[in-house]
Amino acid sequence: MKVLIVYAHHEPKSFNGAMKDLAVSTLKEQKHEVKVSDLYAMKFKALADKDDFVKISNPDYLQYVLELKNAVDHDLFIEDTKQEQEKLRWADFIIFQYPLWWFSVPAVLKGWFDRVLATGFAWDFGNMYDKGLLASKKSMLSVTTGGPENIYSLNAPHGWDINQVLYPVNHGVLFFCGIQPIPPFVAFAVFQVGDEKRKQYLEEYKQRLLTIETTKPIKYHSLSDFDENMHLKT
Ligand SMILES: Cc1cc2nc3c(=O)[nH]c(=O)nc-3n(C[C@H](O)[C@H](O)[C@H](O)COP(=O)(O)OP(=O)(O)OC[C@H]3O[C@@H](n4cnc5c(N)ncnc54)[C@H](O)[C@@H]3O)c2cc1C
């Protein structure tokens, strides 16, 4: 497979850095082709604004979602966006490696979603979810947390289990564009657990990486499961 790792961490010696390096070496050993987008090292621009386009169609009023589509239609993206979209076109499988920040992704990764997954490139009106424009691709979130696993449940202080916390990215971003996420790999409480447990996480992650090609995606509804009012058919 062709695997793109989108990596969002500011410190190469971090546990996230160790997970990214392990993914690169393990996947290459398995003869997969690997590319890495190291967003901090690239100083990837997180803000979505007019500077993302060589030229915009309405200089008086920036409607970002329309300018994205215009840029796709007329080849008006700046170079970093073009390169990331080219990597996405190339990839069969995308791994997102990041620490959970505020139940979400670091700003630089959010910026990557905002700027790269453009209208007309990743999705379009009428081309969402199983009809998304990136529907042939699969993905996996590889996430570290500060909080321990038992704090992530309905009856615990965080109030959601980790799959619910990751749903906005897995479903609202990736599956929205057609990309099919497989179950995430989560290393909980990485700075509290101690070295033995961290080594165990890396071993478990390595085992997971060996099976990503054959792991079934999370089952989400296709648009045909809904009626004309967008209600789930019984
Ligand atoms: C703005 C912000 C928001 C946050 N929001 C949340 C939140 O909503 N929910 C939540 O749960 N947490 C949250 N956190 C915590 C965050 O998720 C953790 O800080 C992060 O997941 C830790 O990952 P890291 O890679 O930075 O760990 P690091 O601190 O870099 O590493 C942890 C430990 O692993 C060691 N290590 C590094 N490499 C290896 C190796 N190869 N083998 C063994 N050990 C190694 C390091 O030396 C260190 O001791 C937040 C943090 C910030 C800054």
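Let us start at Ala-189, a residue that counts as buried because its relative accessibility is 3%, and buried here means under 20% relative accessible area. Keep in mind as you look around that this is a predicted model. You can find Ala-189 in the loop between β6 and α6. Its backbone deserves a second look: phi of Ala-189 is near 50 degrees, a positive value in a residue other than glycine. Most residues other than glycine have a negative phi.

Where else does a positive phi turn up in a residue other than glycine? Asp-75 has one, with phi near 55 degrees. This residue sits in the loop between α2 and α3, the latter helix covering residues 79-90. Is Asp-75 buried or exposed? Asp-75 is exposed, because its relative accessibility is 52% and the cut-off for exposed is over 50%. So you have met two loop residues with a positive phi, Ala-189 being buried and Asp-75 exposed.

Now go back to strand β6, which runs over residues 185-187 and contains Ala-187. With 0% relative accessibility, Ala-187 counts as buried. From here you can hop along the chain to Tyr-205: the two residues are 18 apart in sequence, and their C-alpha atoms are 8.8 Å apart in space.

Helix α6 is our next stop, and Leu-202 is one of its residues. How much of Leu-202 is accessible? Its relative accessible area is 24%, so Leu-202 is described as partly exposed. Leu-202 also shows how folding can bring together distant parts of a chain: Ala-23 is 179 residues away in sequence, yet the two C-alpha atoms are 9.7 Å apart.

Let us turn to two more loops. Pro-12 lies in the one between β1 (residues 2-7) and α1. Pro-12 is exposed, because its relative accessible area is 63%. Its C-alpha atom is separated by 9.8 Å from that of Asp-38, a residue 26 positions away along the chain. The other loop joins β2 (residues 33-38) to α2, and there you will find Asp-52. Is Asp-52 buried or exposed? At 1% relative accessibility, Asp-52 counts as buried. What does the side chain of Asp-52 contact? It makes a polar contact of 2.6 Å with the side chain of Tyr-64.

Next comes the ligand. It is surrounded by 21 residues, the closest being His-9, Leu-100, Trp-102, Thr-144 and Tyr-152. Zoom in on some individual atoms. A polar side-chain atom of His-9 lies 2.7 Å from a ligand oxygen, while Trp-102 uses a polar backbone atom, placed 2.7 Å from a nitrogen atom of the ligand. Gly-147 also takes part through its backbone, with an N or O atom 2.9 Å from an oxygen atom of the ligand. How much of the ligand does the protein cover? On its own the ligand has 1,000 Å² of accessible area, and the protein covers 68% of that. The elements that give two or more residues to this shell are α1 (residues 15-29) and α6 (residues 195-211). Sorted by class, the shell holds 11 nonpolar, seven polar and three charged residues.

Finally, look at the empty spaces. Rolling a probe the size of a water molecule over the atoms shows where empty space is left. The largest pocket holds about 250 Å³ of space. Of its 16 lining residues, the closest to the centre are Phe-113, Asp-114, Leu-117, Gly-172 and Val-173. Which elements give two or more residues to this lining? They are α2 (64-74), α4 (107-116) and α5 (162-174), and α5 provides the largest share with four residues. By class, the lining has 11 nonpolar, three polar and two charged residues.

The second largest pocket has about 150 Å³ of space. Among the residues that line it are His-9, Phe-15, Leu-100, Thr-144 and Val-190. Some of these names will be familiar, since His-9, Leu-100 and Thr-144 are also among the residues closest to the ligand. The lining of this second pocket divides into six nonpolar and six polar residues, with no charged ones.

How values were computed. Residues are numbered from 1 along each chain as its sequence is written. This is a predicted model: local features need pLDDT of at least 70, side-chain atom pairs count only at pLDDT 80 or more; totals for chains, interfaces and linings use all residues. Side-chain values use heavy atoms; hydrogens and water are left out. On a 1 Å grid over the protein atoms alone, a cavity is a set of points where a 1.4 Å probe fits but cannot get out, and a pocket is an open set with protein on both sides within 12 Å along at least five of seven lines; lining residues have an atom within 4 Å of a point. Grid points are joined across faces, edges and corners, and a volume is the space filled by probe spheres set on the points. Ala, Val, Leu, Ile, Met, Phe, Trp, Tyr, Cys and Pro count as nonpolar, Asp, Glu, Lys and Arg as charged, and the others, Gly among them, as polar. A residue is near a molecule or strand if one of its heavy atoms lies within 4 Å of it. A polar contact is a pair of N or O atoms within 3.5 Å; within protein, one must be able to donate a hydrogen and the other to accept it, and residues adjacent in sequence count only if both atoms are side-chain atoms. Accessible areas come from the Shrake-Rupley method with a 1.4 Å probe; for residues, only the protein chains shown count as cover. Buried means under 20% relative accessible area, exposed over 50%, partly exposed in between (1.4 Å probe, protein chains only).
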